[in-house]
Amino acid sequence: MKGPDQKEDVAVSLEFARHPHPSPASAERRREILADPGFGNHFTDHMVSIDWTRDTGDSPAAPHSGGRWHDARIEPYGPLNLSPAAAVFHYAQEIFEGLKAYRHDDGSVWTFRPQANAARLNRSARRLALPELPEELFLESLTRLVSADEAWVPDGDGQSLYLRPFMIATEEFLGVRPAREVGYKVIASPAGNYFGGKLKPVSIWVSRELARAGHGGTGAAKFGGNYAASLAAQLEASAHGCDQVLFLDPTRENAVEELGGMNVFFVLADGSLVTPALTGTILEGVTRSSVIQLGRDRGLEVVERTVTLDEWREGVANGQITEVFACGTAAVITPIGTLVDGEDSFASPETDPATSVALDIRRELLALQTGHGDDRHGWLYRLA
């Protein structure tokens, strides 16, 4: 296992080649996009690519012990050249991350807790039998891309540059084993409000038949297969007029797990803040851990435990639950409004914006990310 000094050596010794885009977007086209970027609709001129190759002398018991990262480069954003037999297409050996870069008032560009994303990427890599990426190289990849495409970072209210690092198995091989060739990439997309327009409560469909992940599976990894597994349930939600889907664990009395892409929180009448405990089937969100810390900063008792759907329903009915909200990188924090469970539905309590715990934490998070708050936890990281 590499120590901190060895990780540093890997990152420092890996030079990034630069291959500028021959025909980048014009300033006029970029302004047009940044005026109304939406989410995930447009992409910057460049991307990061770094390759990994397993050394032939690797031990079968530790297939990544002698691999090496190499050929780091900034290159034009565009299609990937992959064999139809690349392992990612057949065995879904891939992982990804998501974080945002924000333009501050002085023109500098910062991101939020990227070290946590680097750590989660490596947890996901271990689960999917992919090589780990040194934290320093992860951070350098973000810095290099944002430096190359800094003009794409918007400065409008609620806007950001969404960064999507991902890792895929690129080896041309159909045998079932960990790939010996892997590609790491980072792409970037200017982003507006995730749900569009003014912040409003989202409606939730309860998935009774479909699961996002199972015990002993990949639920704790940021793995595309988990999201693919959520899409059929999301179609059900849309068919019933709902914005998002809620997944339950039927083996634990229909314990609340998470939404298709967000964690769930409850504010109780006794002043405590409750969120489902991590069980291996729930993704440990960076925004989730940030909300937990900011809740404790406010003197709230923060509890991670099992919350069943019945407790949610009864808590709303008897006033024990005063707020329900979801959080994630893309949406930050959004209130949960109506919950639709088959033919039944019930609404979360209406909250006063002046006293809402969720909106108060959201305001602090957004102020911090955009450079208007006190970074007392050292969560900001400068990219440009």
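A salt bridge is taken here as a side-chain nitrogen of Lys or Arg lying within 4 Å of a carboxyl oxygen of Asp or Glu. In this predicted model, pairs of that kind link D297, R298, D360, E364 and R376 in a network, and a search of the whole structure finds 21 salt bridges.

Several other pairs can be followed together with the accessibility of their partners. R177 meets E171 side chain to side chain, with 2.9 Å from N to O; E171, at 10% relative accessibility, counts as buried because the cut-off for that class is under 20%, whereas R177, at 24%, counts as partly exposed. The salt bridge between E257 and R252, at 3.5 Å from N to O, likewise joins a buried residue, E257 with a relative accessible area of 6%, to a partly exposed one, R252 at 23%. In the salt bridge of R305 with E311, where the closest N and O atoms are 2.7 Å apart, R305 counts as partly exposed at 27% relative accessibility, and E311 counts as partly exposed at 26%.

R305 and E311 also lead to the interior spaces of the model, since both appear in the lining of the second largest cavity, together with F266, L268, V274, V307 and I321. This cavity has a volume of about 30 Å³, and its lining comprises five nonpolar residues, two charged residues and no polar ones.

The search of the whole structure finds two cavities of 30 Å³ or more, and the largest holds about 110 Å³ of space. Of the 13 residues that line this largest cavity, K100, F112, T287, T329 and Q369 are the closest to its centre. The elements that each give two or more residues to the lining are β5 (99-103), β6 (109-112) and α7 (286-297), with β5 giving the most, namely three residues. By class, the lining of the largest cavity divides into seven polar residues, five nonpolar and one charged.

On the surface, Y91, L174 and V176 form a nonpolar patch, and together these residues have about 330 Å² of accessible area. V176 lies in the loop between β7 (160-169) and β8 (181-191). With a relative accessible area of 73%, V176 is exposed, because that class begins over 50%.

Note on methods
Residues numbered from 1 in each chain as written. Predicted model: local features only at pLDDT ≥ 70, side-chain atom pairs only at ≥ 80, totals over all residues. Heavy atoms only, no water. 1 Å grid on protein atoms, 1.4 Å probe; cavity = no way out; pocket = protein on both sides within 12 Å on 5 of 7 lines; lining within 4 Å. Points joined across faces, edges and corners; volume = space filled by probe spheres on them. Helix = DSSP H or I, 4+ residues; strand = E, 2+ residues; numbered from the N terminus. Nonpolar A, V, L, I, M, F, W, Y, C, P; charged D, E, K, R; others polar. Patch = residues over 30% accessible without salt bridge, like charges linked within 9 Å, V, L, I, M, F, W, Y side chains within 5 Å. Areas by Shrake-Rupley, 256 points an atom, 1.4 Å probe, with all protein chains shown as cover. Buried < 20%, exposed > 50% of the residue type's maximum accessible area, 1.4 Å probe, protein only.
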